[in-house]
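Here are my notes on this model, for your review. Please read them with the structure open.

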Amino acid sequence: NDFYRLTGDSRTPQEMTVEEIKKLRMNDGSQIATLDEILDAAKDKIGLYIELKGVSADRQMVDDVYKKLKERDMNLVHESVADDEIARIIYFLWTG
């Protein structure tokens, strides 16, 4: 799970700082957005599906994402987290 397919950089997010990730450019020249930027752009416009994957996807990550949603008054539709799952999944939809 690295940035190679999108940017040509073989480093993983865990190996990089947010500042380093923000300097990457995707193959089309665009910048990689942070979760905060995506949530701000989506609010009041579209529902989102967020999937948290990999070894760093733990209960703390789910709690952090949930907090970001609540700070923006984005309503959680469904959350599914199991310790033995590889993917931690949060579904949410802002219902206005």
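The points below go from the overall fold to the main pocket.

1. Status. This is a predicted model. Keep that in mind for every value that follows.

2. Fold. The protein has 4 helices and 3 strands. Along the sequence they run α-α-α-β-α-β-β. Three helices thus precede the opening strand in that pattern, and one helix follows it before the last two strands.

3. Burial and surface. The protein counts 96 residues, and 25% of them are buried, that is, under 20% relative accessible area. The exposed surface comes to about 6600 Å². Carbon and sulfur atoms account for 51% of that area.

4. Contacts. Take the contacts between residues at least 6 apart in sequence: 36% of these link residues at least 24 apart.

5. Pocket volume and centre. How much space lies in the largest pocket? About 1300 Å³. Its lining is made of 28 residues. Closest to the centre are Phe-3, Pro-13, Ala-33, Glu-51 and Leu-52.

6. Pocket walls. Five elements each give two or more residues to the lining: helices H1 (4-7), H2 (18-23), H3 (35-42) and H4 (59-71), plus strand E1 (48-52). Which of them gives the most? Strand E1 does, with 5 residues. Glu-51 and Leu-52, both among the residues closest to the pocket centre, fall within the E1 range of 48-52.

7. Pocket chemistry. The lining of the largest pocket holds 16 nonpolar residues. Another 7 are charged, and 5 are polar. Glu-51, one of the residues closest to the centre, belongs to the charged class.

Definitions and conventions: Residues are numbered from 1 along each chain as its sequence is written. This is a predicted model: local features need pLDDT of at least 70, side-chain atom pairs count only at pLDDT 80 or more; totals for chains, interfaces and linings use all residues. Side-chain values use heavy atoms; hydrogens and water are left out. On a 1 Å grid over the protein atoms alone, a cavity is a set of points where a 1.4 Å probe fits but cannot get out, and a pocket is an open set with protein on both sides within 12 Å along at least five of seven lines; lining residues have an atom within 4 Å of a point. Grid points are joined across faces, edges and corners, and a volume is the space filled by probe spheres set on the points. Buried means under 20% relative accessible area, exposed over 50%, partly exposed in between (1.4 Å probe, protein chains only). Contact means heavy atoms within 4.5 Å. Accessible areas come from the Shrake-Rupley method with a 1.4 Å probe; for residues, only the protein chains shown count as cover.
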